[in-house]
Amino acid sequence: MQVPLLDIKQQNSEIYDDLKDGFDRIFCSGQFILGPEVEAFERNFAALIGAKHGIGVSSGTDALLLALMVLEIGPGDEVISPAYSFFATASCISRLGATAVWCDTSADDFNIDTARIEDLISERTKIIIPVHLFGQAAAMDNILNICRKKNIHIIEDCAQAAGARFDGQQVGGFGTFGCYSFFPSKNLGGFGDAGMLVTNDDELATKARILRMHGMSKQYHHDYLGGNFRIDALQAAMLNTKMSHMADYIERRRSNAAYYSDAMSKIDGVGFDESCAIILPVEKQRNFHTFNQYTLRLKSGKRDELKRFLDEKNIGCQIYYPIPLSDQKCFINNSKGKENITVAKQLALEALSIPMFPELSSGQMDYVIDSIAKFLKRL
Ligand SMILES: Cc1ncc(COP(=O)(O)O)c(C=O)c1O
């Protein structure tokens, strides 16, 4: 049997006819960039999140970059970033000449360790970027308390967590901005690169729209140094169609995660606490986890061995992320706090994501579970 890490084709083929309608509409309209299809998607997505404005952009990376540009982040400013995330979370900080300040991770949910944030704040700190990693919200109550006290903006990196909730509220609406990716593997997966910025602030939304389009307040009047961060109409039309299925996709991810957790916690050596050989992911209280990834932890150097074993069994698995951001070469001279990072380093050695997508069958999951049990017996 073969079990891929994810299977994009299956999901899209289920709604092929509806997607084709969107393609036909765009084909006939001749409006390929921005326009009414984009506006409709922006309105619908913002409504889903409970935010006032949605600004469609070219990728999740550009959503983060644009949010930082709107807030005029630059040299001399500090932005707190988790040390354990995808590259784009922090690269946007350095691209604007600001300094990334690394915050360590909490091992139980892979998210920023909020107990460590206050010690990292200086008079230069302008922004914190919590990432809702693997589909689960960071502890937004703690982050909001700190940021309100210290007058710091929050930019939420929701790239992996569309549809996730904290205390019943959708992520993305807590901060000044929420940034989403519609990269094909995400909870709402597009047909190439695309992203979205959400905000409740009218003025910041207007400025984001201007910066998205070369900083033009009106045609050929460039008030700011903007960029081309526009979303294609085709992406918007197709994503709008897929959005009506998003809640179902997430329910199926959650039910697959529950299936994995139920079965695997019955295997000797597998469980939820630190004493287990394989530690399963948890949904923290107050969270609605979307399981964009189902990520195991293996101690004592066994992670790479399990990866090789699953590779041999034709089971897709991936190490997110093998090197913490704080140890990446390109951040050596433009970041701070690397010396305080320990948990992110540990997770980089322990984490392994196994197949997770809504259409995963119980037969496929049984094969994965059975293979993991066989691996443990060999130890
Ligand atoms: C946490 C995180 N932030 C940002 C991004 C960037 O999104 P995109 O690939 O759409 O540029 C990703 C995408 O993988 C991500 O996982």
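Visitor: Over how many bridges do β2 and strand β3 pair?
Guide: Strands are DSSP runs of E with at least two residues, helices are runs of H or I with at least four, and both are numbered from the N terminus. Two strands pair if DSSP finds at least two bridges between them. Strand β3 covers residues 99–103 and runs parallel to β2, and the number of bridges is five.

Visitor: What pLDDT do local features need in this model?
Guide: Residues are numbered from 1 along each chain as its sequence is written. This is a predicted model in which totals for chains, interfaces and linings use all residues, side-chain atom pairs count only at pLDDT 80 or more, and local features need pLDDT of at least 70.

Visitor: Is the crossover from β2 to β3 right-handed or left-handed?
Guide: Proline 82 has cysteine 103 of β3 as its bridge partner. The chain passes from β2 through α5 to β3, a β-α-β crossover. A crossover is right-handed if, with the strands pointing away from the viewer, the path from the first strand over the helix to the second runs clockwise. The crossover here is right-handed.

Visitor: Which residue of β4 stands opposite isoleucine 80?
Guide: Strand β4 covers residues 125–128 and is joined to β2 by three bridges, the two running parallel. The residue of β4 opposite isoleucine 80 is isoleucine 128.

Visitor: How many of the five residues of strand β2 are buried?
Guide: A residue is buried if 20 or more other C-beta atoms, placed from the backbone, lie within 10 Å of its own, exposed if 12 or fewer, and partly exposed in between. On one side of β2, Glu78, Ile80 and Pro82 are buried, and on the other Val79 and Ser81 are buried, so both faces are covered. Strand β2 (residues 78–82) is largely enclosed by the rest of the structure, because the number of its residues that are buried is five.

Visitor: Which strands are at the edges of the eight-stranded sheet?
Guide: This open sheet has mixed pairing and the order β1-β9-β8-β5-β4-β2-β3-β16. An edge strand pairs on one side only, which holds for β1 (53–57) and β16 (335–336). The edge strands are β1 and β16.

Visitor: Which residue of β9 does glycine 54 stand opposite?
Guide: Five bridges pair β1 with strand β9 (residues 195–199) in the antiparallel sense. The residue of β9 opposite glycine 54 is valine 198.

Visitor: What is the bridge partner of isoleucine 279 in β15?
Guide: Another open sheet, of four strands with mixed pairing, has the order β12-β13-β15-β17. Its edge strands are β12 (270–271) and β17 (351–354). Strand β13 (residues 278–279) and strand β15 (residues 294–298) run antiparallel, joined by two bridges. The bridge partner of isoleucine 279 is arginine 297.

Visitor: Which helices each supply at least two residues of the shell around the ligand?
Guide: A residue is near the ligand if its C-beta atom, placed from the backbone, lies within 6 Å of it. There are 15 such residues, the closest being Ser59, Gly60, Thr61, Ala159 and Ser181. The helices that each supply at least two are α4 (60–70) and α5 (88–95).

Visitor: How many charged residues does the shell around the ligand have?
Guide: Asp, Glu, Lys and Arg count as charged; Ala, Val, Leu, Ile, Met, Phe, Trp, Tyr, Cys and Pro as nonpolar; and the others, Gly among them, as polar. The shell has five nonpolar and eight polar residues, and the number of charged ones is two.

Visitor: Is leucine 34 exposed or partly exposed?
Guide: Leucine 34 lies in the loop between α2 and α3 (36–49). Its phi is positive, near 50°, in a residue other than glycine. With 18 other C-beta atoms within 10 Å, leucine 34 is partly exposed.

Visitor: What is the phi of asparagine 314?
Guide: Asparagine 314 is in the loop between α10 and β16. Asparagine 314 counts as exposed, with 12 C-beta neighbours inside 10 Å. Its phi is positive in a residue other than glycine, near 60°.

Visitor: What is omega at the cis peptide bond between tyrosine 320 and tyrosine 321?
Guide: Tyrosine 321 lies in the loop between α10 (303–312) and β16. The cis bond joins tyrosine 320 to tyrosine 321, with omega about 5°.
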